[in-house]
Amino acid sequence: MRWTDFLLPTLKETPAEAETQSHKLMLRAGLIRKLSSGIYNMLPLGLRVTQKVASIVREEMNRIGALEILMPVLSPAELWEESGRWGIYGKELMRVRDRHGRFFALGPTHEEIVTDIIRGEVRSYRQLPLTLYQIQTKFRDEVRPRFGVVRAREFLMKDAYSFHRDEASLAETYDKMYEAYTRIFTRCGLRFGSVEADSGAIGGDVTHEFMVFAETGESQVFACDCGYAATEDTAECVIDVPEGSEEAQGLEKVETPGMKTVEEVTAFLKKEPRQLIKTIVYNVEGEYVAVLIRGDREINEIKLAKVLGSPNIGMATAEDIEKVTGGPLGFSGPVGLKDVRIIADRTVTGACNMVTGANEADAHYVNVTLGRDFEVTGFHDLVLVEAGDICTRCGKPLGTWRGIEVGQIFKLGTKYSEIMKATFLDEQGKEHPFVMGCYGIGVTRTVAAAIEQHNDKDGISWPISIAPFEVHVLPTNVTVPELKDTAEAIYDGLMAEGIQVLLDDRDERPGNKFKDADLVGIPIRVTVGEKSLKEGKVEIRMRKSGEVTKIEKGDAVAHIAEVVREEKKKLEA
Ligand code: ATP
Ligand code: MG
């Protein structure tokens with residue numbers, strides 16, 4: 001490709017709207033342009049990279065026997081009503097109406113649609129297992145679209161769905177997918193980890209997320225040397241509870257004027273935060289539940305939602321708290337709390353001589369003791385894990401890192417097949433619901449994640465497997481015929497070798513061309529400059545290392561072709 005025939009609008013200035021390196025560089029290097037919040041145009045350079053990532057994904061899906069299909073973006077509301085997700089999915093689901101007034105969802109994921117295909121087409125156990133996938137535009141009306149294509153409202157996803165007769169068959173495909181994902185992200189040149197995760201709106205019990213290591217990542221991971229790794233949403237830790245040797249003192253109400261926070265109350269009473277029990281009232285679809293946790297810890301609302309069996313939980317308003325507990329916000333406690341379900345985190349186990357709110361203004365209880373002063377209906381793991389907490393598997397402290405979620409795989413079980421009555425017949429002619437798995441990769445998010453890992457102060461530095469071009473030929477002055485002709489000859493020679501080449505044939509100052517080359521980040525640059533050419537040589541420069549080699553111009557094509565092969569080999573999985 002000749003630069004003068006291409007659309008490659010690079011920007012000198014960093015756009016103010018961009019916070020992360022990948023977002024800035026995708027704009028500056030002319031990969032994307034914003035159309036509206038969370039909605040982007042993919043320009044030619046951006047599309048080339050996206051298509052390369054998509055090809056790697058496609059190759060690895062095909063390799064494990066998944067079949068490519070294409071489902072519509074528009075999916076009828078009836079299917080979503082069947083699964084119950086028309087209601088549950090909430091505002092993230094984009095909805096449109098046709099001329100007849102019928103509702104459709106713009107697909108954010110396709111479990112309902114693929115289940116509908118399979119229940120119509122597959123009847124026998126003999127046709128199983130079966131895995132279908134597509135690479136398609138998805139729509140999610142994110143609350144806070146940000147970081148460019150990392151969290152967009154319209155983005156490209158690979159989604160795959162597998163159908164099985166039993167859990168054992170699902171486990172086999174799940175493992176194959178896990179390996180395929182590992183190959184995909186390795187081939188894309190990414191450093192990543194896989195972690196146990198929460199299944200969110202998709203559902204199911206077993207799920208792993210693939211995270212690209214990145215400081216700007218929205219996901220916090222807790223990990224241990226023993227191999228345990230989980231997202232903040234699901235991470236577990238050992239909880240230190242008192243041995244129970246303490247003697248319970250008499251319950252006492254004390255004045256705590258205007259003191260609402262753990263810090264205020266414990267400082268005033270000369271106690272530690274871990275000697276207090278926080279009582280937080282939640283509204284669970286109209287029912288109130290008091291949740292107890294020790295004062296030095298925070299509640300993980302994802303764990304809580306699971307325990308309460310509803311995604312729709314929220315803290316009760318000050319007004320509701322007053323109604324439910326009889327006291328104002330900041331003074332709630334379990335002692336004497338009636339007609340409200342009370343559950344507790346494991347940190348409250350064996351609670352003895354603790355501080356709690358007294359359910360009246362400006363008062364707390366001290367020496368509150370479990371079993372004598374209050375009861376709970378159950379203990380659960382509700383704690384938000386922190387770095388340094390103890391690993392449940394090996395007893396060592398957990399470390400932490402941040403990442404960008406690029407893929408997630410789920411064992412769904414029969415969640416969709418049962419409710420949508422998708423069944424097959426076994427050898428005996430007996431009907432069973434399909435056992436299902438589903439597997440997503442954010443293709444456009446992966447492009448951004450790659451930039452997040454592969455950049456420096458001058459711009460992007462692509463891994464060759466997903467680079468928009470493999471070689472960048474840069475004549476420093478196209479008005480000098482010898483430079484121009486040499487560059488053209490190398491360009492033609494490389495193209496004949498099947499190499500993807502960008503020729504910067506612009507009549508521009510060399511300084512600008514070099515700047516643009518570094519910004520755009522093609523891994524191998526060939527500079528055809530006056531000084532070297534006087535000695536019959538051209539310069540090969542590696543974008544990542546900055547390493548420069550001078551080569552006889554006659555040997556350039558063969559040499560570069562070899563370098564391209566070597567670079568590609570490094571990224572084979
Ligand atoms: P997140 O937690 O980041 O919102 P998710 O868990 O809801 O993502 P999945 O339903 O697992 O996402 O979708 C599969 C993949 O699609 C994700 O791993 C991610 O790479 C990508 N993806 C999800 N939402 C977006 C988005 N808003 N913009 C770009 N890519 C996305
Ligand atoms: Mg996910």
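Let me start with one word: a residue is called buried when its relative accessible area is under 20%. Hi everyone, and please keep in mind that what we are looking at is a predicted model.

With that word in hand, look at two phenylalanines. Phe6 and Phe469 are both buried. How do their rings meet? The ring centres are 5.7 Å apart and the planes make an angle of 75°, so we call this pair edge-to-face. Now trace the chain between them: Phe6 belongs to the segment before helix H1, while Phe469 is in the loop between strands E26 and E27, and 463 residues separate the two. Phe469 has another partner as well, since the charged end of Arg48 sits over its ring, 3.9 Å from the centre.

Here is a second pair to find on the screen. Phe185 and Phe210 are tilted, with 5.9 Å from centre to centre and 40° between the planes. Phe185 comes from helix H6 and Phe210 from strand E10, 25 residues apart. Are these two buried or exposed? Phe185 has a relative accessible area of 0%, so it is buried. Phe210 comes out at 1%, so it counts as buried too. Zoom out a little and you will see that Phe185 and Phe210 belong to one aromatic cluster with Tyr178, Tyr181 and Phe192. In total, the model has 13 aromatic pairs. And for another charge over a ring, look at Lys411, which lies over the face of Tyr174 at 5.1 Å from the ring centre.

Let's move to a helix, H8, which covers residues 301–308. Which of its residues are buried? They are Lys303, Leu304, Ala305 and Leu308. A reminder from class helps here: an α-helix has 3.6 residues a turn, so residues three or four places apart point the same way. The buried residues of H8 pack against four strands, namely E14, E15, E16 and E17. Both ends of H8 deserve a look. At its start, a side-chain oxygen of Asn300 comes within 2.9 Å of the backbone nitrogen of Ile302. After the helix comes Gly309, with a positive phi near 70°.

That brings me to the backbone. As a general rule, most residues other than glycine have a negative phi, and most peptide bonds are trans. So where does this model depart from that pattern? Asp339 is not a glycine, yet its phi is positive, about 60°. You will find Asp339 in the loop between helix H9 and strand E17, and that is the strand E17 we just met packing against H8. Lys421 is another non-glycine residue with a positive phi, about 50°, placed in the loop between helix H10 and strand E22. Are these two buried or exposed? Asp339 is exposed at 82% relative accessible area, and Lys421 is exposed at 66%. As for the peptide bonds, the one joining Leu128 and Pro129 is cis, with omega at about -5°. Pro129 lies in the loop between helix H5 and strand E7.

Finally, the overall layout. The domain assignment gives domain 1 in three stretches, 11–68, 106–235 and 400–452, then domain 2 at 252–380 and domain 3 at 469–570. How far apart are the centres of domain 2 and domain 3? Taken over C-alpha atoms, they are separated by 68 Å. Thanks for listening, and please jump in with questions!

Terms used
Residues numbered from 1 in each chain as written. Chains lettered and ligands numbered in written order. Predicted model: local features only at pLDDT ≥ 70, side-chain atom pairs only at ≥ 80, totals over all residues. Heavy atoms only, no water. Buried < 20%, exposed > 50% of the residue type's maximum accessible area, 1.4 Å probe, protein only. Phe/Tyr/Trp six-rings, centres within 6.5 Å; stacked < 30°, edge-to-face > 60°. Lys NZ or Arg CZ within 6 Å of the ring centre and 35° of its normal. Contact = heavy atoms within 4.5 Å. Polar contact = N/O pair within 3.5 Å; in protein donor to acceptor, adjacent residues only side chain to side chain. Domains from an automatic or database assignment.
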